[in-house]
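Student: I would like to take a close look at one part of this model and then see how the rest is arranged around it. Could you go through it slowly with me?

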Amino acid sequence: MAEKIIEFDRVVAGYSPSLTILNETTLDARKGEITLLIGPNGAGKSTVLKTLFGFLTPRSGEVRFEGRRINGKPPRELLAEGLAYVPQGRNLFPSLTVRHNLELGGFTLPRAEVPARIDEVLQRFPRIRERLDNQASTMSGGEQKQLEIGRALLLRPRVLLIDEPSIGLSPILVRDVMALLRSLADAGTTVLMVEQNVRTALKYSNRALVLEMGRLALDRPASELLGDPDLNRLFLGAGSAKAHPAPA
Amino acid sequence: MNARVHLLALAAALAALAIVALYLKRSEVYLLTLWAVYVMATMGLNLTAGYAGQMSLGQAAFFGIGAYLAAILLKLGWPFLAVLPVAALVCFVVGLALGFPALRVQHHYLAFATLGFNVLVYLAMRNEEQITGGTFGISGIPRPTFLGIDLGGHVAYWYWTLGSLVVLGGILWWLLRSPWGRAFAALRDNPIRAESLGVNITAYTLLAFAIGAAFAGVGGVYYASLVEFIEPGPFHFSTSLMMLLAVIVGGSGKFYGPALGTAIVILLPEFLRGSSTPWLKFMQVWYLAVFGIAVVALMIWLPGGLLSIRERLDRKGGPQ
């Protein structure tokens, strides 16, 4: 079994004192794997990513990255430590060009290093190279998602957190994005992904974690879950997770 | 527009502005200089509101702080070039402080917070008579000399102001093309996304206010020396509204937007009022109404400002 790179240990977090989303959540993501977070709306999937990336500070419990406690660290520091985050929805800065969007991905790097890093990313995404001087808003949905991921890769993160990468994309583009994430994981980048397009995402993932009411309800290999006839009920939070509980 | 054409067009426009002053009346050169002075302040506001997306209705307060500092220090015998960095620095620091509400509130709430700041500064200017002269103001503000050249004449002062505007514009151009400029744009487009890329949104929000304020402070110094007498009136919050209007009319978040917008807001009403062309004579009475209607029409048809006309035409020509 691959080593744990991300760990949540009985984490409690939410958006206000009266709104707790993560309710003593305990989970992990392993090195070089794609870990898929699924569950019904409000289960806390995106909140896991936001807490991990420092947008929310846990009220209790511990968040660890490579064994180090990172509770409450700001995103800037986490980027420097090797985490990158692609939030849900459109993440580009539409008024800027593609090149400027990429440069923002290297905002925390020394200025002299940025062009070489951009070149490195463009080797992986030749379509983006063709559009470098275009305004980001003029790109297609698939190109925009490639650019978002490319921008996140500029810092050579060890862990990529990505929230709903398939939103707004056609089925073919969704498969392209998933294949890209798979290739990143195969090259050693750990991916922690939240995705509503569960069946497609499971095909490219190593593990699936099902969240219900802010707790881990199920932890199973993705291939196993893909063949589970109860998948729809699990995803919709119908409670059948009790039949396959998460390991203690 | 490629860089060479851009530079040539800019050089031609500046040459035209320099030459035309030789053929204008004194009052017209004064108006041109007033335009340049206001452009310094609106360029700063364009950085704060247009590029960084932080609504501000307090720009006239910084313009006033710069003007009063200049009036006091120039009368004490300070050289003009020493007053400039002092005014810029003081406004930068006060601008930083004004940026703090922006960390808590946005949009119209922020507009009212900054408006309140403008009202406070205006009241201080009116009531702190020992320092500001109150409603009687400060008169006899000298104009500078530079390398032994007397800049007291209206044309000489126009050249001095125009040259300074070019330098300030160059600083802003450089700033906007640096990673700072990208960070400001990212802050405006989506602060959360910006933060996820490592942009310190607290620092950049404060900087957007502080740098914009410093530009206004510098503009205020040139204003004080231009008018040679200041009182609180020109620094009322209505001037902040006028400055914001200039930025929006020209094109918010567009480099030349403030220059064009300020020309419309400062020069156009004067042109309409002073027009002696027979069919424009009614403007001598109706100029403000016509100006108001023109602004309303512009905001309906070109909400992105005059410089967005090309984008609008491109959109019309493209697929619907």
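Student: Which residue stands opposite Ile34(A) in strand 8 of chain A?

Tutor: Please keep in mind throughout that this is a predicted model. The residue that stands opposite Ile34(A) in strand 8 of chain A is Val191(A). That pair belongs to a longer match, for strand 3, residues 34-38 of chain A, and strand 8, residues 190-194 of chain A, pair in the parallel sense over four bridges. Both strands belong to an open sheet of six strands in chain A, whose order is 6-7-8-3-9-10 and whose pairing is mixed. At the edges of this sheet are strand 6 (83-86) and strand 10 (215-221) of chain A, each of which pairs on one side only. From one strand to the next, the twist averages 15°.

A helix also lies against this part of the sheet. Helix 7 of chain A, residues 171-186, lies across strand 3, strand 7 (159-163) and strand 8 of chain A, and runs at about 150° to strand 8 of chain A. The residue Met193(A) helps to show how this region is filled, since, leaving aside residues up to four places away in sequence, Met193(A) touches Ile34(A), Leu36(A), Leu37(A), Ile162(A), Pro165(A), Leu181(A) and Ala201(A).Met193(A) also appears in a wider setting, namely the largest nonpolar core, which has 161 residues. The residues with the most contacts inside this core are Leu161(A), Met193(A), Met40(B), Ala70(B), Cys91(B) and Ala213(B). The element that gives the most to the core is helix 10 of chain B, with 17 residues. As a general background, nonpolar side chains in soluble globular proteins tend to be buried together.

Before following that helix into chain B, it is worth staying with chain A for two further details. The first is helix 1 of chain A, residues 45-52, which is largely enclosed by the rest of the structure because seven of its eight residues are buried. Those buried residues of helix 1 of chain A are Lys45(A), Thr47(A), Val48(A), Leu49(A), Lys50(A), Thr51(A) and Leu52(A). Just after helix 1 of chain A comes Gly54(A), which takes a positive phi of about 85°.

The second detail is another set of paired strands. Strand 1 (residues 4-16) and strand 4 (residues 60-65) of chain A are joined by five bridges in the antiparallel sense, and within strand 4 of chain A it is Val63(A) that stands opposite Phe8(A). Strand 4 of chain A also pairs with strand 5 of chain A, residues 68-69, again in the antiparallel sense, over two bridges, and there Arg64(A) has Arg69(A) in strand 5 of chain A as its bridge partner. Two residues lie between the strands of this hairpin of strand 4 and strand 5 of chain A, and in the hairpin Glu66(A) takes a positive phi near 50°.

We can now cross from one chain to the other. Where the chains meet, 15 residues of chain B are in contact with 18 residues of chain A. On the side of chain B that touches chain A, helix 8 (179-189) and helix 9 (191-196) of chain B each supply at least two residues, and the largest share, six residues, comes from helix 8 of chain B. Sorted by class, that side of chain B has seven nonpolar, four polar and four charged residues.

Within chain B, helix 10 can be followed through its packing against two other helices. Helix 2 of chain B, residues 26-51, packs with helix 10 of chain B at an angle of about 170°, the axes being 7 Å apart, and therefore helix 2 of chain B is roughly antiparallel to helix 10 of chain B. The contact of helix 2 with helix 10 of chain B has 19 nonpolar, five polar and no charged residues.

Helix 7 of chain B (residues 154-176) and helix 10 of chain B (residues 201-227) have axes that come within 11 Å and cross at roughly 175°, so these two helices of chain B are also roughly antiparallel to each other. Tyr157(B), Thr161(B), Ser164(B) and Leu168(B) of helix 7 of chain B make this contact with Phe215(B), Val218(B), Tyr222(B) and Leu226(B) of helix 10 of chain B. By class, the contact of helix 7 with helix 10 of chain B has six nonpolar, two polar and no charged residues.

Conventions. Residues numbered from 1 in each chain as written. Chains lettered and ligands numbered in written order. Predicted model: local features only at pLDDT ≥ 70, side-chain atom pairs only at ≥ 80, totals over all residues. Axes fitted to C-alpha atoms, helices over the stretch in contact; angles between N-to-C directions. Parallel < 35°, antiparallel > 145°, perpendicular 65-115°, else oblique. Contact = placed C-beta atoms within 7 Å. Nonpolar A, V, L, I, M, F, W, Y, C, P; charged D, E, K, R; others polar. Core = buried A, V, L, I, M, F, W, Y, C linked by C-beta atoms within 7 Å. Buried ≥ 20, exposed ≤ 12 C-beta atoms within 10 Å, placed from the backbone. Pairing = 2+ DSSP bridges.
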